[in-house]
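Colleague: I am new to reading protein models and would like to learn by looking closely at one part. Please keep the whole molecule in view while you explain it.

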Amino acid sequence: MRLSTLSTTLILDIETNRDQLLDVGALMDAGELHERSSVHLERWISKATHICGHNLVAHDAPFLRKKLRSDVFTGKALVDTLFWSALLFPEKPYHKLVKGYKLHNEDAENNPLSDAKLCKQLLVELIGEFNGLDDPMRAVYHSLLHDKEGYAGFFALADFEPKERSAFV
């Protein structure tokens, strides 16, 4: 894993209620953001090379494209840990984030900063799992997913570039 790339990766989670942003949690490098608005979020996004989240492609990114700007993620590689979890941990019965703070109280409010921390932990596990695969299997994943939103940016975070052009391309 390239630490320089991870230091410019924004790990993001938002809580919404239909059209309203309720809460934002984000991590980048050593910084943390937790606010009930998007006042600082767009500046954090602008500094990032990669945006990572759990269910980012289906939930967070579309909402923020409407709330902030349609081009807010232009030039950013999106990494969805929900997508990668299903691929790399197929034996798991589900792929939700396991929210320890909800184990003691199911009715506790979601905490997007805590969820962003869980997402970062999952991302590190996913990178480890991916890098534990043999090169031909990693090349297959790359050839199939290198240009797909939610998948493409993961390869840079995992510091993977295929050694030679795959026959699957």
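How much area does the protein chain expose, and what share of it do carbon and sulfur atoms supply? After that, please take a close look at helix 4 (residues 81-88) and tell me which of its residues are buried.

Modeller: Happy to! Please keep in mind that this is a predicted model, so everything here is computed. The protein chain exposes about 9300 Å², and carbon and sulfur atoms supply 51% of that area. Of its 169 residues, 44% count as buried. There are eight helices and five strands, and along the sequence they come in the order α-β-β-β-α-β-α-β-α-α-α-α-α. The contacts are often long-range: among those between residues at least 6 apart in sequence, 64% join residues at least 24 apart.

Now to your helix. In helix 4, the buried residues are T81, W84, S85 and L88. Imagine looking straight down the axis of helix 4: these buried residues fall within an arc of 105°, so they line one face of the helix. What does that face pack against? The partners are strand 4 (50-53), strand 5 (77-80), helix 6 (112-131), helix 7 (135-145) and helix 8 (154-157).

The start of helix 4 has a detail worth finding on your screen. D80 caps the N-terminal end, with a side-chain oxygen 2.9 Å from the backbone nitrogen of L82.

From here we can follow the partners outward. Let us begin with helix 3 (56-67), whose buried residues pack against helix 4. The buried residues of helix 3 are L56, V57, D60, A61, F63 and L64. Besides helix 4, they pack against strand 1, strand 2, helix 2 (41-47), strand 4 and strand 5. So strand 4 and strand 5 turn up in both lists: the buried residues of helix 4 pack against them, and those of helix 3 do too. The loop between strand 4 and helix 3 holds N55. N55 has a phi near 70°, a positive value in a residue other than glycine. With a relative accessible area of 27%, N55 is partly exposed.

Next, step back along the chain to strand 1 (residues 9-17), where L10 lies. Is L10 buried or exposed? It is buried, with a relative accessible area of 0%. The C-alpha atom of L10 is 4.8 Å from that of I51, although 41 residues separate the two along the chain. Leaving aside neighbours within four places in sequence, L10 is in contact with A26, L27, M28, W44, I45, A48, H50, I51 and C52.

That last contact, C52, leads to a nice puzzle. At 0% relative accessibility, C52 counts as buried. C119 is buried too, with a relative accessible area of 1%. Why are C52 and C119 not bonded to each other? The sulfur of C52 is 4.0 Å from the closest cysteine sulfur, the one in C119, and that is too far for a bond. A disulfide needs the two sulfur atoms within 2.5 Å. In the whole structure, the search finds zero disulfides.

Helix 7 is another partner of the buried face of helix 4, and R138 has its place there. You may be surprised by its surroundings: R138 is buried, with a relative accessible area of 12%. Apart from neighbours within four places in sequence, R138 is in contact with F130, N131, L133 and F160.

Finally, look at the strands near the beginning of the sequence. R18 sits in the loop between strand 1 and strand 2. Its phi is near 55°, again a positive value in a residue other than glycine. Unlike the partly exposed N55, R18 counts as exposed, at 76% relative accessibility. Strand 2 (residues 20-28) then runs antiparallel to strand 3 (residues 31-35), and five bridges join the two. Within this pairing, V24 stands opposite E35 in strand 3. The hairpin they form has two residues between the strands, and D29 takes a positive phi near 55° there.

Back to your helix, then: T81, W84, S85 and L88 are its buried residues, and D80 caps its N-terminal end.

How values were computed:
Residues numbered from 1 in each chain as written. Predicted model: local features only at pLDDT ≥ 70, side-chain atom pairs only at ≥ 80, totals over all residues. Heavy atoms only, no water. Buried < 20%, exposed > 50% of the residue type's maximum accessible area, 1.4 Å probe, protein only. Helix = DSSP H or I, 4+ residues; strand = E, 2+ residues; numbered from the N terminus. Arc of directions from axis to C-beta. Contact = heavy atoms within 4.5 Å. Polar contact = N/O pair within 3.5 Å; in protein donor to acceptor, adjacent residues only side chain to side chain. Areas by Shrake-Rupley, 256 points an atom, 1.4 Å probe, with all protein chains shown as cover. Pairing = 2+ DSSP bridges.
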